[in-house]
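Reader: Please take a single part of this model, the part where its nonpolar side chains gather, and look at it closely. I would like to know what surrounds it, and how the rest of the chain relates to it.

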Amino acid sequence: MPKEEVDRLVETIVEAKGATRHCSICFNLSAQDPCEFCSNPNRDQTTIMVVETSRDVIAIERSGDYKGLYHVLEGALSPMEGIGADDIRVKELIARLGMVWYKRLFSLLTQT
Ligand SMILES: [Zn+2]
């Protein structure tokens, strides 16, 4: 079974158990929505690391060096397998980036 199918299967089982859900902001698997990263004001809100799966988030968190936010694409672009930008969370990422830049610009413009 390909790795992606295993990942999907594991996610489906975990979700079916009701233990976790996808964060509505970053799509990481979490027991809460927004997840513990998105809802943590101590994380750097202006840095977003783009990863393929929630498993990558766990691996990066284990290193302990990263203090920003995440965006889980839930897959990778693969033209050979017919997986395009619409099949993964690219639209959501672009919308999120727009929001981050809007907030930064707004705070810059309102600084006196
Ligand atoms: Zn999140």
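Author: Two residues are in contact here if their C-beta atoms, placed from the backbone, lie within 7 Å. By that rule, and not counting residues up to four places away in sequence, Y70 touches C26, N28, F37, I48, M49, V51 and V57. This is a predicted model, in which local features need pLDDT (the predictor's confidence in each residue, from 0 to 100) of at least 70, side-chain atom pairs count only at pLDDT 80 or more, and totals for chains, interfaces and linings use all residues. Residues are numbered from 1 along each chain as its sequence is written.

Y70 belongs to the largest nonpolar core, which has 9 residues: C23, C26, F27, C35, V51, V57, L69, Y70 and V72. Such a core is a set of buried Ala, Val, Leu, Ile, Met, Phe, Trp, Tyr and Cys residues joined through C-beta atoms within 7 Å, where buried means 20 or more other C-beta atoms within 10 Å of a residue's own, exposed 12 or fewer, and partly exposed in between. Strand β4, residues 68-72, gives the most to this core, with 3 residues. β4 is also mostly covered, since 4 of its 5 residues are buried, and confidence in the chain is highest there, at a mean of 95, whereas helix α1 (residues 3-16) has the lowest, at 76.

Helices (H or I, at least four residues) and strands (E, at least two) are DSSP runs, numbered from the N terminus. β4 runs parallel to β3, with 5 bridges joining them, and strands pair if DSSP finds at least two. One of these links has L69 in β4 as the bridge partner of I48, so that L69, a member of the core, is tied to the neighbouring strand.

Strand β3, residues 44-51, also holds T47, which touches G68 and L69 when residues up to four places away in sequence are not counted. T47 nevertheless counts as exposed, because it has 12 C-beta neighbours inside 10 Å. From T47 to A76 the chain advances 29 residues in sequence, and the two C-alpha atoms are 20 Å apart in space.

Two loops deserve attention on account of their backbone. F27, another core residue, lies in the loop between β1 (21-22) and β2 and has a positive phi near 70° although it is not glycine; F27 counts as buried because 22 C-beta neighbours lie inside 10 Å. E74, in the loop between β4 and α3, likewise is not glycine and has a positive phi, near 60°, and E74 counts as buried because of its 20 C-beta neighbours inside 10 Å. Further along from β2 (29-30), in the loop that leads to β3, lies P34, which a cis peptide bond with omega of about -5° joins to D33. Most residues other than glycine have a negative phi, and most peptide bonds are trans.

Beyond this part, the chain has 3 helices and 4 strands and follows the pattern α-β-β-β-α-β-α along the sequence. Its C-alpha atoms fill a box of roughly 60 × 30 × 25 Å, taken along the principal axes. Of its 112 residues, 14% count as buried, and helix α3 (residues 90-109) is hardly covered, with 0 of its 20 residues buried. Among contacts between residues at least 6 apart in sequence, 31% join residues at least 24 apart. The mean pLDDT of the chain is 88, and 93% of its residues reach 70 or more.
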